[in-house]
Structure formats: C-alpha cells, structure tokens
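Student: I've got a protein model open and I'd like to learn how to read it. Could we go through it together, one question at a time?

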Amino acid sequence: MLQRILEHEVMDTPEDARDYDAMDHAAVNAAFCDDFLALGPPPARIVDFGTGTALIPIGLCERAAGFSVVAIELAENMLALARDNVTRAKLGDRILFEKADAKGTRFEDASFGAVISNSIVHHIPEPRQLFAEMWRVAAPGAVLFVRDLHRPNSEAEVDRLVALYAGEPPRDAALVASFERQRALFRDSLCAALTVAEIAAMVAPLGIPAAAVTMTSDRHWTLAWRKS
C-alpha cells in the first residue's frame, strides 16, 4: 500500500477553483446524487461538508424538491464559483452558503436531517475531527453519506487510474496547461486519499460499524450510515 502524501487542505487559488470546476465530474456527481436519494426521501434540511463549487447540491435539487441544502466551504475562490453556479441554476432559494472550516462549524448539535460530503476527506490531514463534527450536527435518524477517493496500492495503479479518468490531452494548445494542472490535481488527490480500513477505524469510536464503509467504484469508498 502506498504511503499517504498530504496535499493542501484548502484549494484557495483562482487557478485551483477554475481547474476543479472545469474537470468533468458529471458521472461521479450524478452517481453520488442518485445513490444518496436512493436511501429514501430527502429530509427538509441537508448540510454538504466541503461543497467545492456546489455541483452536488445543484444536482440534488435538480432531482428532487422539498428540501434545502446548507453548503459549507472554506475556500473563498471555490465559494465565488459556487455562488455563480447556483445563480445560473436558479437555486438560490434552496442552496445557502456558509464559509466555515468543516472540522468545526457554528451549527447546533443535531441540526440536520442528513449530512453529505463528496471528496473533502482526502484534503484533511487528520479526518477524525471532521467525522466527529459531521456526527455532531446529524440529528437522530439522519443519514451520514460520505464519498471520497481510495488510495491505490501502488504507483502503477495510480498511473492506471490517472490515464483512465483524467481524459485525453486537448488539441487546443491554449488548454494544455489547464489540462496538466487538472491531471496533477487528480494524481495528488489519489495519493492523499485514505483506504476503507483507515476510514472504518476513524469512525468506529462514533459507533459506526466497519460494514458501513465500502468500496463503491474502482477509485471510491462510501460511508453510508443512519444515526440512531
């Protein structure tokens, strides 16, 4: 198993935000939204930890009605693009933003009927505090639904996944630099990710069983558990 190599906790340069927003997350985001909604009718109030450019909240709200999402993000440049995306989607009445560190928010205990997160865990050097915060704000009966990348076993597997999912270089020379940054972001994220076993050990003190954390693609794990 590869040793974990940490990346920046906060992606807060304009280039980071633009490159992240431009990456083709459509299939991954659609799968996240569909899998979450398959767990049952969404509650009235959902919180999204590490919303990035708000593509997950937008996808959820476009698929179902009757709920709102509080989208947490610490990076100001990500938030700027997120607000633009929500405005274009005409969902400003359902998606609200909170600039906050996901490891410690201002929300009261048991504030939300569901807690979701996509691809924030690998950014956090020590995610135990993040999971504890998610659990704290989840109300009894709330679903905790977290998905992130899984760290590969070898450099060869990293290379395979990057080649498979990072896309082909653009023919337009003006776009090559952005493509290379996106490719590097994906590689760095794979190397910074955690394994199923590591996540299961982190959430065990919360009373979440190891069986709640499973591989759900060749590069993602998912934590799905309902708080009693």
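**Inside the model**

Student: Which residues have the most contacts inside the largest nonpolar core?
Tutor: Keep in mind that this is a predicted model. Its largest nonpolar core has 32 residues. Strands S1, S2, S4, S5 and S7 each give two or more residues to this core, and so do helices H5 and H8. The residues with the most contacts inside the core are Phe-49, Val-121, Phe-131, Met-134, Trp-221 and Leu-223.

Student: How many residues are in the other core, the one that includes Ile-46?
Tutor: That one lies apart from the core we just looked at. Besides Ile-46, its members include Cys-61, Ala-64 and Ile-116. The number of residues in this other core is 21.

Student: Why would nonpolar residues gather like that?
Tutor: There's a general habit behind it, found in soluble globular proteins. In those proteins, nonpolar side chains tend to be buried together.

Student: Let's zoom in on Leu-223. What is Leu-223 in contact with, beyond its neighbours within four places in sequence?
Tutor: Start with its partners numbered in the hundreds: Phe-131, Leu-144, Phe-145 and Val-146 are among them. The rest of the contacts of Leu-223 are Val-203, Ile-208, Ala-212 and Val-213.

**Helices and their buried sides**

Student: Where on helix H8 do the buried residues sit, on the same side or on opposite sides?
Tutor: In H8, which runs over residues 196-203, the buried ones are Val-196, Ile-199, Ala-200, Met-202 and Val-203. They cover an arc of only 160° around the axis, so they end up on the same side of H8.

Student: And what covers those buried residues of H8?
Tutor: One helix and two strands are included in the cover. The helix is H5 (128-137). The strands are S6 (213-215) and S7 (220-226).

Student: What about H1: which helices do its buried residues pack against?
Tutor: H1 covers residues 14-22, and its buried residues are Ala-17, Asp-19 and Tyr-20. What they pack against is H4 (76-89) and H7 (176-192).

**Rings**

Student: How many aromatic pairs are there, and what kind is the one between Phe-32 and Phe-145?
Tutor: A search of the whole structure turns up 3 aromatic pairs. In the pair you picked, the ring centres are 5.0 Å apart and the planes meet at 75°. Planes over 60 degrees apart count as edge-to-face, so Phe-32 and Phe-145 are edge-to-face.

Student: How far apart along the chain are Phe-32 and Phe-145?
Tutor: Phe-32 is in helix H2, while Phe-145 is in strand S5, so the pair links distant parts of the chain. Both residues are buried. Their separation is 113 residues.

Student: What kind of pair do Phe-36 and Phe-145 make?
Tutor: Here the centres are 5.9 Å apart and the planes are at 50°. That angle is neither under 30 degrees, for stacked, nor over 60, for edge-to-face, so the pair is tilted.

Student: Which residues form one aromatic cluster?
Tutor: Phe-145 takes part in the edge-to-face pair and in the tilted pair. The cluster is made up of Phe-32, Phe-36 and Phe-145.

Student: Which charged end sits over the ring of Tyr-165?
Tutor: There's a case of this kind at Phe-67, with the charged end of Arg-94 sitting 4.8 Å from the ring centre. For Tyr-165, the distance to the ring centre is 3.5 Å. The residue over that ring is Arg-219.

**Cysteines and a loop**

Student: How many disulfides are there?
Tutor: Look at Cys-33, whose closest cysteine sulfur is in Cys-61. The two sulfurs are 9.1 Å apart, too far for a bond, since a disulfide needs them within 2.5 Å. The count of disulfides is 0.

Student: Is Leu-39 buried, exposed or partly exposed, and what does it touch?
Tutor: Leu-39 is found in the loop between H2 (26-37) and S1. At 39% relative accessibility, Leu-39 counts as partly exposed. Leaving aside neighbours within four places in sequence, its contacts are Val-143, Phe-145 and Arg-226.

Note on methods. Residues numbered from 1 in each chain as written. Predicted model: local features only at pLDDT ≥ 70, side-chain atom pairs only at ≥ 80, totals over all residues. Heavy atoms only, no water. Buried < 20%, exposed > 50% of the residue type's maximum accessible area, 1.4 Å probe, protein only. Helix = DSSP H or I, 4+ residues; strand = E, 2+ residues; numbered from the N terminus. Arc of directions from axis to C-beta. Contact = heavy atoms within 4.5 Å. Core = buried A, V, L, I, M, F, W, Y, C linked by side-chain atoms within 4.5 Å. Phe/Tyr/Trp six-rings, centres within 6.5 Å; stacked < 30°, edge-to-face > 60°. Lys NZ or Arg CZ within 6 Å of the ring centre and 35° of its normal.
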